[in-house]
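This report covers one helix and its surroundings, the annotated spans, and the internal cavities.

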Amino acid sequence: MPPTPPHRPLIALFILGLVGLLCATTAAQSSVGCVPFQGSPATSGKCDPVVTYSNVYVALGQTYESVDEGAANVTKLAGAFVPYSCRQALITFACLGSFLECSVDTTTFTPSVVLPCRSVCERVLTECSAFAIENGLASLLPDCDKTVELNGVVYPAFPPDGLVDCNAPPAGLVVGYSQADCPYPLKYNQDGEEYYQNNGYEGMDICVYPCPDPMFSDGEWAGVIVVDIVLNFLSFWLSFFLVVTFLLMPQKRRFPALIFFYFGLLSAIVGFVCLFFPAVRGGIEPLVCTEGTPKRLVTMSNAGEHDGGGVVCIIQGIILYYCPMAAMFWWLFLVLTVFELIVLERSTNFIKRFHLFYHIVAWGFPLIGVVILLASKNIGALTGVPSCFMATDHEAYGWVLFYGPLATCLIIGSILMTLSVIKFARIRFRFSGHTKDKIEQLVRMILLVMAYFLILAYPLAFRIYQRVIQDDLIDALEEQVTCSATTATECGLTYRLNYGSLLLEVMDVSCYGIIIFITMCSSDMLIWWYYLLKAWATQSPRDALDISKDMIMGSGKWGESKNSTMTKSSKNTNSHSQSFEDDENDGSINNEDL
């Protein structure tokens, strides 16, 4: 959001510059030259509609360009944050005082100048006095009764209208706005011209904060994009591998292994939308920024503009809100399952009784959040983030719909996880059939719980960090805009969001699938794929198809082929399936359950 207009330094420098400018040009009339008016490129054309005469005065030692620059040094301070009527009066005053009308007597060949009329000065007093007084700068307003002495004769600096020849602005003059009215890093809102013309010339409507965020350099923004794409690419494909594996392996399609399947599925969806949606829009920047002039962050208010180019961002924001929220609840239920297995030593049959409740909460609560966000129009692009998500200026929405539930899940999950790890370290795996594989799977489950805890905890910590420094960021941005407005240069930020923390946030939300793959890809999965691929590589298509069906359905003799290794593998895997069935009956935990 654009900062508060920097009134005080603007008006001070502007009026001081005008007084000095007018005195200098008036005192220099003893050495005069007339040149054709060639426009005012240094003022970005602000003086072009004001100066309606053909020739202008250039003093000895000056050039036309220096006169133009002198006018620009004043007009550039009359930007979008100066009240509209005052800005019009100030620009008129500056242009007529800089580009003095000049004519040459054809008989004596002596030049003469025409000064601005008194009404031009008085208009500044009328339109700008309230603004100056409000900011404690009344003493800096121009003196319309000022006189100058030339060759022993006293002349009024602003000749009275109608009594002597003087210059006034054209009737109905309107000096339009342009990028020159917007201090760095703000951009001129060309798309919003009709809006601010009909709703008052407010600086925050005319000059808007651009997209992508100029807080970071092009190189830093490119680094964020590269990290996001690379990690999401790996996360998607690794998650996709786990999803396919869990769908094909019969022992992975049972509770509690299904919880891991949900993790993999949600991670694969997140990775897909973070890769596919930018590809549809032609890159991450076109995804999060509008196509207008200037580019702005996509919101639900502007998503329909430019043929609905921002709708893709809104859809991505819905998915990237829903999936992490669902994963957050499933993580809590996974911690609860580990707690019941290790600490309470309950059977999987008992824990399965709550599985329907888990589904209702994990899939239902995020859906309610999506409905609320859509109804309140709080989904869109975020500053400095290469994706779309929950975007709201209302702190309550963020904490009620995301960060509050996240903190609650982390607190409850941390307590249960700590108790489970302590009990896990103290006992000797008091489960029936406590094999090496079972111990490996329990360790893997605890590692997933702990790793996902870190993934969930960092966004909460990052949000708290953003809130702590928010006031400092706003102050720094206001200082940057004020400096840029008063010096007409691109001033830098004195304080900004830590780039490393932003990079970690991008890495955190992009590596879900990688973490799940590292913690959940077990040796039995790889062995299963090895024999499946080996069947297609060494068997006839019909035999390979039969073996594949048996491996997927978990029935039959997988190795009834010419390959003895396949036969041996089939029997071993079938024995595992039978072992699962036996354990299902007595309710104890088994390797294939995990």
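What percentages of helix and strand does the chain have over residues 260-280, and how far apart are the end C-alpha atoms? In this predicted model, residues 260-280 are 100% helix and 0% strand, with 30 Å between the end C-alpha atoms. An unreviewed UniProt entry gives "transmembrane region" features that include residues 260-280 and 356-376. The two spans are set out below.

| Residues | Helix | Strand | End C-alpha separation |
|---|---|---|---|
| 260-280 | 100% | 0% | 30 Å |
| 356-376 | 95% | 0% | 30 Å |

The same UniProt record also places this feature at residues 221-248, 319-344, 396-422, 442-461 and 512-532.

Helix α13 spans residues 355-375. The 21 residues of α13 reach 31 Å from first to last C-alpha, close to the expected 30 Å. Its buried residues are His355, Tyr358, Val361, Ala362, Pro366, Gly369, Val370 and Leu373. They pack against the helices α8 (257-281), α11 (311-342), α12 (348-351) and α14 (395-426), and against the strands β9 (379-381) and β10 (388-390). Just after α13, Lys377 has a positive phi of about 55 degrees.

Across the whole structure there are 3 cavities of 30 Å³ or more. The largest cavity holds about 50 Å³ of space. Its lining comprises 4 nonpolar, 5 polar and 3 charged residues. Among the lining residues are Arg281, Glu291 and Glu305, together with Pro286, Leu287, Cys289 and Val298. Thr290, Asn302, His306, Gly309 and Gly310 also line the largest cavity. Helices α9 (284-288) and α10 (305-308) each contribute at least two residues to this lining.

Technical notes. Residues are numbered from 1 along each chain as its sequence is written. This is a predicted model: local features need pLDDT of at least 70, side-chain atom pairs count only at pLDDT 80 or more; totals for chains, interfaces and linings use all residues. Side-chain values use heavy atoms; hydrogens and water are left out. Helices (H or I, at least four residues) and strands (E, at least two) are DSSP runs, numbered from the N terminus. The expected span of a helix is 1.5 Å times one less than its number of residues. Buried means under 20% relative accessible area, exposed over 50%, partly exposed in between (1.4 Å probe, protein chains only). Contact means heavy atoms within 4.5 Å. On a 1 Å grid over the protein atoms alone, a cavity is a set of points where a 1.4 Å probe fits but cannot get out, and a pocket is an open set with protein on both sides within 12 Å along at least five of seven lines; lining residues have an atom within 4 Å of a point. Grid points are joined across faces, edges and corners, and a volume is the space filled by probe spheres set on the points. Ala, Val, Leu, Ile, Met, Phe, Trp, Tyr, Cys and Pro count as nonpolar, Asp, Glu, Lys and Arg as charged, and the others, Gly among them, as polar. UniProt positions are given in the numbering used here, feature names are shortened, and annotations may be inferred rather than shown by experiment.
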